[in-house]
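Colleague: Before we discuss the terms used for this model, may I see the sequence and the structure?

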Amino acid sequence: MALTEPAVEVTHLRKMYGYNVALNDVSLSVSLGEVRGLLGPNGSGKSTLMKTLVGLLKPSAGFARVLGLDVDRDSMMVKRAVGYVPETPRLYEFLTAAEYLDFIADVRGLGFQEKSQRIKRFLGALDLEGKEGDMISSYSQGMKQKVAIMAALLHHPKILLLDEPLNGLDPKSARVVKELIHELSREGVSTIFSTHVLEIAEAICDRITILQHGIILAEGTSQELREKAGLPGSGLEDVFLKLTGTRDVQDIVEALLR
């Protein structure tokens with residue numbers, strides 16, 4: 001792939017679930033090393049877009065490319081290059097964390113020494129060292145999230161697709177993940193990062209794409225989005241609420257108090 005090509009390219013992508021439109025004519029481009037935030041209300045299409053990019057869903061129309069590979073035609077090669085954390089990770093909970101990560105590393109083709117070193121480093125970094133012998137079924141939601149993140153990163157992916165990855169994480173682990181995303185960006189790894197926490201999007205994302213009802217409402221840097229919303233000095237929360245046409249929050253609160 002030429003260095004000038006985007007890491008992720010989506011063109012006129014459409015995804016239907018029966019008669020329901022989940023994505024409608026979505027086009028976007030993510031550069032090498034870019035951290036792209038995906039914002040949007042529940043049901044806006046964020047998770048559908050990520051599942052399509054990793055080859056779990058087949059587009060109804062349009063196309064998407066990851067590192068120059070067609071996600072539909074070359075889905076296995078795409079999966080090899082991508083690290084994916086779904087919104088609700090499904091782990092093999094009858095395994096211990098050590099067994100699960102060892103299994104994932106074998107599937108990813110890591111050698112014995114490399115997988116042992118990387119698993120040990122991740123367990124220490126995310127405060128699971130000493131607990132890796134426990135069954136995943138006994139873990140809290142935050143601990144399970146850590147295992148999912150480690151599994152996505154073990155094989156040195158060139159693309160990260162992270163759907164609400166910080167859910168349930170303690171502040172230290174969340175900070176480790178955010179800093180790791182920044183460091184990987186410097187090494188040319190591209191990340192698409194879905195979150196409902198606007199402060200996180202503003203802190204770690206180079207550009208932000210706002211989705212609603214399966215279409216792109218706006219995209220740009222935080223400052224560009226403020227200018228588009230006509231709120232140059234406001235926080236990203238106010239910008240998001242205005243761009244998505246959300247009713248005034250105070251009106252909603254007053255209605256609930258009646």
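Modeller: The axes of helix α8 (residues 236-243 belong to its partner, helix α9) and of α9 come within 9 Å and cross at roughly 50°. Helices here are DSSP runs of H or I with at least four residues, strands are runs of E with at least two, and both are numbered from the N terminus. The axes are lines fitted to C-alpha atoms, for helices over the stretch in contact, and angles run from 0 to 180 degrees between N-to-C directions. This is a predicted model, in which local features need pLDDT of at least 70 and side-chain atom pairs count only at pLDDT 80 or more, while totals for chains, interfaces and linings use all residues. Residues are numbered from 1 along each chain as its sequence is written, and side-chain values use heavy atoms, with hydrogens and water left out.

Colleague: Why are α8 and α9 called oblique to each other?

Modeller: Angles under 35 degrees count as roughly parallel, over 145 as roughly antiparallel, 65 to 115 as roughly perpendicular and the rest as oblique. The axes of α8 and α9 cross at roughly 50°, and the pair is therefore oblique.

Colleague: What is the handedness of the crossing of α8 and α9, and which residues make the contact?

Modeller: The crossing of α8 and α9 is left-handed; the term applies if the near helix is turned anticlockwise from the far one by less than a right angle, and a clockwise turn is right-handed. L225, R226 and A229 of α8 make the contact with L236, V239, K242 and L243 of α9, where contact means heavy atoms within 4.5 Å. By class, these residues are five nonpolar, no polar and two charged. Ala, Val, Leu, Ile, Met, Phe, Trp, Tyr, Cys and Pro count as nonpolar, Asp, Glu, Lys and Arg as charged, and the others, Gly among them, as polar.

Colleague: What makes α3 roughly parallel to α5?

Modeller: The axes of helix α3 (residues 97-107) and helix α5 (residues 141-153) cross at roughly 20° and come within 9 Å. That angle makes α3 roughly parallel to α5. The crossing is right-handed. A97, Y100, L101 and I104 of α3 meet V147, M150 and A151 of α5, and this contact has seven nonpolar, no polar and no charged residues.

Colleague: How do you know that α3 is oblique to α4?

Modeller: The axes of α3 and helix α4 (residues 112-125) come within 10 Å and cross at roughly 135°, and that value makes α3 oblique to α4. The crossing of these two helices is right-handed. In the contact, L101, D102, A105 and D106 of α3 meet K115, I119 and L123 of α4. The residues divide into four nonpolar, no polar and three charged.

Colleague: Why is L13 called buried?

Modeller: Buried means under 20% relative accessible area, exposed over 50%, and partly exposed in between, with a 1.4 Å probe and protein chains only. L13 has a relative accessible area of 1%, so the residue is buried. L13 belongs to strand β1 (residues 8-17). Leaving out residues up to four places away in sequence, L13 touches ten listed neighbours, among them L23, L49, P59 and F63.Colleague: How do you know that β1 pairs with β2?

Modeller: Two strands pair if DSSP finds at least two bridges between them. Seven bridges join β1 to strand β2 (residues 20-30), and the two strands run antiparallel. L13 stands opposite V26 in β2. The hairpin of β1 and β2 has two residues between the strands, and G18 takes a positive phi near 65° there.

Colleague: Which residues other than glycine have a positive phi, and are they buried or exposed?

Modeller: Most residues other than glycine have a negative phi. D127 has a positive phi of about 60° although it is not a glycine, and lies in the loop between α4 and α5. With a relative accessible area of 31%, D127 is partly exposed. H213, also not a glycine, has a positive phi of about 50° and lies in the loop between β9 and β10. Its relative accessible area is 62%, so H213 is exposed.

Colleague: What makes β6 and β10 the edge strands of the open sheet?

Modeller: Six strands form this open sheet in the order β6-β7-β8-β3-β9-β10, with mixed pairing. The strands β6 (82-85) and β10 (215-220) each pair on one side only.
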